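This report concerns enclosed space and helix geometry in one protein structure. Please read it alongside the coordinates.

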Amino acid sequence: MEVRNVHVSYILSMVRSGLGVMTSRIFGLVRDIVIASVYGASGLTDLFFVAFAIPNLFRQFFAEGAIASAFVPFLSDKTKKSGESAANAYLTQLIFIQVLLVTAISIILLLFAPYVIKLFMPGIASSPTDVAIGATLLRILMPYLFFVSISGLLAGYLNLNGSYYIGYASTSCLNVMMIIGAVIGGMHGGNIYTLAASVFAGGVCQMFMVYSYSWLKGFRFTPLTPTDPDIKSTYKLLIPSLAGVGISQLNFLIGRVIASFLQPGSISWLFYANRLFQFPLGIFSVTISTVSLTELSKARTDNNLEQINKLIDKAIIALILIIIPATIGLVGLAEDLIRLIFARRAFNETDVANTAIALQMYSIGLLFYSLASVFTRVFHSEKNTKTPVKIATITFVVNLIFNLILMKPMGHAGIALASTIASVVNTAILYINLKGYKFSFKSNIWLLFKIMLAIYTMSAIMIAGKIMNLHVLII
């Protein structure tokens, strides 16, 4: 009965988390549609997307990826063993330290903004005008990191307290503000700085929303007492986790760097394709991996090894059920989807074709990206961040090699394909290195058969529809 209750809790947590991500992604999709319509895909949008990627890169370190994986197991232990007051004191100290780190990093990047832009976009280094625009955009966008860092930590607190929806749905604040910023920018001749300024407003709104719900759940800032020993332990765990997330982000960064040497618009085509690719990845894969980390951390606290293996099995089954059909749809209907979603005003047919091929190359690896996310969280639930880092290093080298091999014959599509190949390698090595776990094909064979039969049926219908020139209009 207890095991059944845990399974029900896991499913409900996944649903709540998924609804939160879906809320954010829907507003994010509307945001991207508006941005594509107003600004299209050009050298100017390349500059904005790269400048926006820089605070988002550090967000993965200090708000969502690395820090979440490091502190959630400690916060879980602290809440269960020492009580709510001790957990609040621990989180208060962690937020204070994060604010100091983020502020210091932001100041450095603001002071050296032109050099940072050249580092991330070496292909425009010979254009002082482009560098100056990129530097200005970075200076406007960078303060967003401060607000989202606090939001990320509080979202982890909400997850542990059973509130998965708010942490993810809060990013809708950013998306809504950016929609408003893009509309205003369009009214002023495509002013890109208006769009950048809206990011700041979105960060403030997001932080306010997450803090309000954390307060309702019981979080209170406490006076800064002598440093909790677990803070030091968290940062010891964070360092290799930072390296792991950093290497993962470097895979995308390398793609942008190489794309800056290709024709103008290449970075934007990759961005729009990646955003559509991230839709199922964010709603389902990130949801499942995030819930898995929380539930696995609780199971590890109770030393329930049988439950841990069942949770991993359920995560894999859920991904196969959802991600493979999504992959087939994205690959088979890529051009139709891009045309339906983005093709208006400044976004022309050339942009549609170039974005569609990038989407297909990304989508081939969707299942592997998803599985890698879950497997990485398994290691993190064990407070083992070193193994994923070592594997991520191998993956980075693979990605770099295939970027260099494929960029010339395939252009920006080769960059997307290189990322997919790296994800396959990453997933395989992570799975091989899981201790005490192997997926139970025997106990899941009938379920897998039914899933694959449904997928085959879906594929046959889609192919038949394309042959007969039948289209489904989504209203």
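The sections below cover the basis of the model, a cavity and a helix.

## Basis

The model is predicted, with local features requiring pLDDT of at least 70 and side-chain atom pairs counted only at pLDDT 80 or more, while totals for chains, interfaces and linings use all residues. Residues are numbered from 1 along each chain as its sequence is written, and side-chain values use heavy atoms, without hydrogens or water.

## The second largest cavity

A cavity is a set of points, on a 1 Å grid over the protein atoms alone, where a 1.4 Å probe fits but cannot get out, and its lining residues have an atom within 4 Å of a point. There are two cavities of 30 Å³ or more, and the second largest has a volume of about 50 Å³, taken as the space filled by probe spheres set on the points, which are joined across faces, edges and corners.

Its lining consists of Arg 25, Gly 28, Leu 29, Asp 32, Arg 275, Leu 276 and Phe 279. Helices H1 (2-39) and H12 (266-301) each supply at least two of these residues, and H1 gives the largest share, four residues; helices here are DSSP runs (H or I, at least four residues), numbered from the N terminus.

## Helix H17

H17 (residues 386-410) has 25 residues and reaches 35 Å from its first C-alpha to its last, close to the 36 Å expected, where the expected span is 1.5 Å times one less than the number of residues. Just after H17, Gly 411 takes a positive phi of about 65°.

Key: On a 1 Å grid over the protein atoms alone, a cavity is a set of points where a 1.4 Å probe fits but cannot get out, and a pocket is an open set with protein on both sides within 12 Å along at least five of seven lines; lining residues have an atom within 4 Å of a point. Helices (H or I, at least four residues) and strands (E, at least two) are DSSP runs, numbered from the N terminus.
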